Amino acid sequence: MANSLENSLNEAVPNGTIIEKVNQVKTDVFDIAPGLSIKGLDELRVEALGKKGVITSILKSLKDVPADQRKEVGAAANLVRNEIEALLDSRKSELEIEELNAQLEAEKLDVTRPGTQIKTGTKHVLQQIQDQIEDLFVSQGYQVVYGNEIETDEYNFERMNLPKDHPARDMQDTFYINPELLLRTQTSAMQARMMDVHDFETGPLKMISPGVVYRRDDDDATHSHQFHQVEGLVVGKNVTMADLKGTLLSLFENLFGKGHAMRFRPSYFPFTEPSIEVDVSWNIVDDTTKPEDIKWIEVLGAGMVHPNVLSMSGIDPQKYSGFAFGLGPDRFAMIKYGIDDIRNFYLDDVRFLEQFRQVNE
Ligand code: DAH
């Protein structure tokens, strides 16, 4: 564009007066300006109005105009000059507004669009069951104790009436750390620890102990080397099997709702005498249900605390008695939610786990 105004001037009005010349520049600027960018307008401004611009140099020749006409010519020429300046200004601000609008359009944020959903976790279903069991027993005056996963052979076995050479130790294939220390195979280990410290003058000992236990079980792919248990123990005066039965009934009803039948089967555990295994019906039953239609699932072992176990904690079995139970919360979750494959709990499949999202979380 450089010099285009000047060339046009020389061509169109080579010998024109000052007024003719500034008007010619005005015509040219009004022609060219609408097609220019902001940068082009700035260049045109310099070419027309800058220190060395065509208008500036035309105005310089005012000194050659006869003195009596100079004022009039000067005023007219300045008017044109101002028109040119006004045009360039307004065109530039038009373009700036257009540019701003384009930018706003490009950066537009639609605040009504749905946001990105952030996935949140939820308590694992087994933890939910454990929480529910804890809440129930706490409401019945039990204390909750957790203990350590590394336990002594003494508390895990010997104090549970399982001396070193006892054949029943084979039932619990053990991870030993050294001959005296092991990964606990049963939460029953907390029984003697609590009996040792409880002051029976103040009332009965009522405790549950939830936690993780370990067994080697390396020859069986359907068993996990680590699983959950909840131990329960009540020791006091005149504690009977009827108390055990009532306690278990309230536990099952609280967890599963009414209508699940319960049955006791005789069993053997070294730390209880008599010992039982307890089954709960998978299905809801009533008086009209035929026995063969009841689907039983074993949920826990239990019994009356063996006198030897009491004696080893310095408790007189003539004065005191107790019941104990050990349950698997995964079995409970299976009944409660109708889950038929225990491996679902450990596979970390979000589609499975999400079904147990708690409403009030
Ligand atoms: N500790 C036993 C186990 O791991 C479960 C058990 C059975 C616990 C009977 C008890 C009980 O307290 O009385 O197989």
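Modeller: A residue is called buried under 20% relative accessible area, exposed over 50% and partly exposed in between, with a 1.4 Å probe and protein chains only. This is a predicted model, where local features need pLDDT of at least 70, side-chain atom pairs count only at pLDDT 80 or more, and totals for chains, interfaces and linings use all residues. Residues are numbered from 1 along each chain as its sequence is written, and side-chain values use heavy atoms, leaving out hydrogens and water.

Biologist: Is Arg215 buried or exposed?

Modeller: Arg215 sits in the loop between β5 and β6; strands are DSSP runs of E, at least two residues, and helices runs of H or I, at least four, numbered from the N terminus. Its relative accessibility is 15%. Because that value is under the 20% limit, Arg215 counts as buried.

Biologist: Which residue offers its backbone oxygen to the side chain of Arg215?

Modeller: Contact means heavy atoms within 4.5 Å. Leaving aside residues up to four places away in sequence, Arg215 touches several residues, including Met171, Phe175, Thr185 and His225. The side chain of Arg215 reaches a backbone oxygen at 2.9 Å, and that oxygen belongs to Thr185.

Biologist: Which strands are the edge strands of the open sheet?

Modeller: Two strands pair if DSSP finds at least two bridges between them. The open sheet has seven strands in the order β1-β5-β6-β10-β9-β8-β7, with mixed pairing. The strands that pair on one side only are β1 (143–144) and β7 (260–269).

Biologist: How many bridges join β7 to β8?

Modeller: Strand β8 covers residues 272–284 and runs antiparallel to β7. His260 stands opposite Ile284 in β8. The number of bridges joining β7 to β8 is eight.

Terms used:
A polar contact is a pair of N or O atoms within 3.5 Å; within protein, one must be able to donate a hydrogen and the other to accept it, and residues adjacent in sequence count only if both atoms are side-chain atoms.
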